[in-house]
Amino acid sequence: MHFVVCLKQVPDTSEVRIDPNTNTLMREGVPSIINPYDAHALEEAIRLKEKVGGKVTIISMGPPQAKEALKKAMSFGADRAILLSDRAFAGSDSLATAYILTVAIQKVHESEPIDIVFTGKEAIDGDTAQTGPGIAQRLGFPQLTYAIKIRNIDDVSVTVERKTEGGREVAKAQLPALITVEKELNELRYATLPNMMKAAAYEPEVWQAKSLPYDSSHMGLKGSPTSVSRIFPPPGRTGGEQLDATNDPKGAVANLVEKLFQQNIIMQHPLAKGGEA
Ligand SMILES: Cc1cc2nc3c(=O)[nH]c(=O)nc-3n(C[C@H](O)[C@H](O)[C@H](O)COP(=O)(O)OP(=O)(O)OC[C@H]3O[C@@H](n4cnc5c(N)ncnc54)[C@H](O)[C@@H]3O)c2cc1C
């Protein structure tokens, strides 16, 4: 089987700060990492390859330094890595990114038919969670989103458990399909020494816009209807209020309950004393 993983190199958001003057992300000196959800997507693709046989291809769109992320991904056991890198792609929003990735996936699919495309649920820098569904729609593949377990895979279908707000849902799709993954899907492995050595010597393929039948009006800034008008950190938390219970614990509790009522955090039951049934 052929598994394709869309993998994005992202800044480590735990270290990203916002420039208060320009309202832009301060990326300088911030280490780049594989988007955490994509690491789990890759892990699942490799597990499936080990289970049913086949191949794992990774595709990333990004600047030349995204090669580092692809080489790292190779050290976990992927077979092929393709970087889509071109000035023409710069400034793409999620609509254009889905388009750019789709055209490349279609090219891969023509020579080596794909069974499953994996993406992360979301990228931790953009956070839109739109790219995976956007690719599925363009490819005409059914999509299984928020996967937390692959229950079964055979020659014609895949069954997953999905995370929903109310619990879990089991969903089945015909292959080829696209799956977006949550971190609960699996535990990440460590790279083995032979794979690390293989990855160190591996050069990811770099595809430019001219290598593929792209329509320039669908990519880059021109093909991106989204615009970011402002970016800012949420207001910092205030200190809150402290209730001193040292001398009068009962009074402090009564005071706390009163405040919780006032803010509608707790409500009186209609059948409680004094309430109207
Ligand atoms: C107006 C505008 C301009 C922008 N300009 C730039 C820019 O110049 N440079 C830049 O880096 N970003 C830019 N961005 C951000 C960039 O477009 C988004 O990061 C990208 O569209 C993906 O959206 P997301 O990060 O929300 O991913 P999500 O939709 O949250 O990602 C879901 C999954 O899709 C896959 N995926 C997403 N992006 C990629 C990728 N690039 N390669 C492989 N797989 C991927 C991953 O599997 C990921 O887990 C811009 C955004 C806007 C709105």
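The following legends describe close-up views of a predicted model.

**Figure 1. Overall arrangement of the chain and its two assigned domains.** The chain contains six helices and 13 strands. Its C-alpha trace extends over about 75 × 50 × 40 Å along the principal axes. The radius of gyration is 24 Å, whereas a compact globule of 277 residues would have a value near 19 Å. The domain assignment places residues 2–223 in domain 1 and residues 238–277 in domain 2. The centres of domain 1 and domain 2, taken over C-alpha atoms, are separated by 49 Å. Of the 277 residues in the chain, 35% are buried. Among contacts between residues at least 6 apart in sequence, 68% link residues at least 24 apart.

**Figure 2. The shell of residues around the ligand.** The ligand is surrounded by 32 residues, and the closest of them are Thr119, Gly120, Gly126, Thr128 and Thr131. Two or more residues of this shell are given by each of helix 1 (36–52), strand 6 (55–61), helix 3 (94–111), strand 8 (116–120) and helix 4 (131–139). Helix 3 provides the largest share, three residues. By residue class, the shell comprises 17 polar, nine nonpolar and six charged residues.

**Figure 3. The largest nonpolar core and the surroundings of Val5.** In soluble globular proteins, nonpolar side chains tend to be buried together. The largest nonpolar core of this model has 61 residues. Val5, Leu42, Ile58, Ala73, Ile100 and Val117 have the most contacts inside this core. Helix 3 supplies the largest share of the core, eight residues. Apart from neighbours within four places in sequence, Val5 is in contact with Asp38, Ala41, Leu42, Ala45, Val56, Ile58 and Phe118. Two of the contact partners of Val5, Leu42 and Ile58, are themselves listed among the core residues with the most contacts.

**Figure 4. Helix 2 and the elements that cover its buried residues.** Helix 2 spans residues 67–74, and its buried residues are Ala69, Leu70, Lys72, Ala73 and Met74. The elements covering these buried residues include strand 2 (9–11), strand 5 (32–34), helix 1, strand 6, strand 7 (80–84) and helix 5 (193–201). Ala73 also appears among the residues with the most contacts inside the largest nonpolar core.

**Figure 5. Tyr202 beside residues distant in sequence.** Tyr202 lies in the loop between helix 5 and strand 13 (205–207). Not counting residues up to four places away in sequence, Tyr202 touches Lys71 and Met74. Met74 is one of the buried residues of helix 2. Tyr202 and Arg80 are 122 residues apart in sequence, yet their C-alpha atoms are 9.1 Å apart in space. Tyr202 counts as partly exposed because it has 17 C-beta neighbours inside 10 Å, whereas a buried residue requires 20 or more.

**Figure 6. Buried Asp115 and the cis peptide bond at Pro176.** Asp115 is located in the loop between helix 3 and strand 8. Asp115 is classed as buried because 20 other C-beta atoms lie within 10 Å. Beyond its neighbours within four places in sequence, Asp115 is in contact with Met1, His2, Phe3, Leu175 and Pro176. By contrast, Asp115 and Ala90 are 25 residues apart in sequence and 29 Å apart in space, C-alpha to C-alpha. The peptide bond from Leu175 to Pro176 is cis, with omega near -5°. Pro176 occupies the loop between strand 11 (167–174) and strand 12 (177–181).

**Figure 7. Ala129 and Asn264, two residues with positive phi.** Most residues other than glycine have a negative phi, and most peptide bonds are trans. Ala129, although not a glycine, has a positive phi of about 60°. Ala129 is situated in the loop between strand 8 and helix 4. Ala129 is partly exposed, as 18 other C-beta atoms lie within 10 Å. Asn264, also not a glycine, has a positive phi of about 60°. Asn264 belongs to the segment after helix 6 (249–262). Asn264 is exposed because 7 other C-beta atoms lie within 10 Å, the limit for this class being 12 or fewer.

Methods: Residues are numbered from 1 along each chain as its sequence is written. This is a predicted model: local features need pLDDT of at least 70, side-chain atom pairs count only at pLDDT 80 or more; totals for chains, interfaces and linings use all residues. A residue is near a molecule or strand if its C-beta atom, placed from the backbone, lies within 6 Å of it. Helices (H or I, at least four residues) and strands (E, at least two) are DSSP runs, numbered from the N terminus. Ala, Val, Leu, Ile, Met, Phe, Trp, Tyr, Cys and Pro count as nonpolar, Asp, Glu, Lys and Arg as charged, and the others, Gly among them, as polar. A nonpolar core is a set of buried Ala, Val, Leu, Ile, Met, Phe, Trp, Tyr and Cys residues joined through C-beta atoms within 7 Å. Two residues are in contact if their C-beta atoms, placed from the backbone, lie within 7 Å. The radius of gyration is taken over C-alpha atoms; the globule rule is 2.2 Å times the number of residues to the power 0.38. Domain bounds come from an automatic or database domain assignment.
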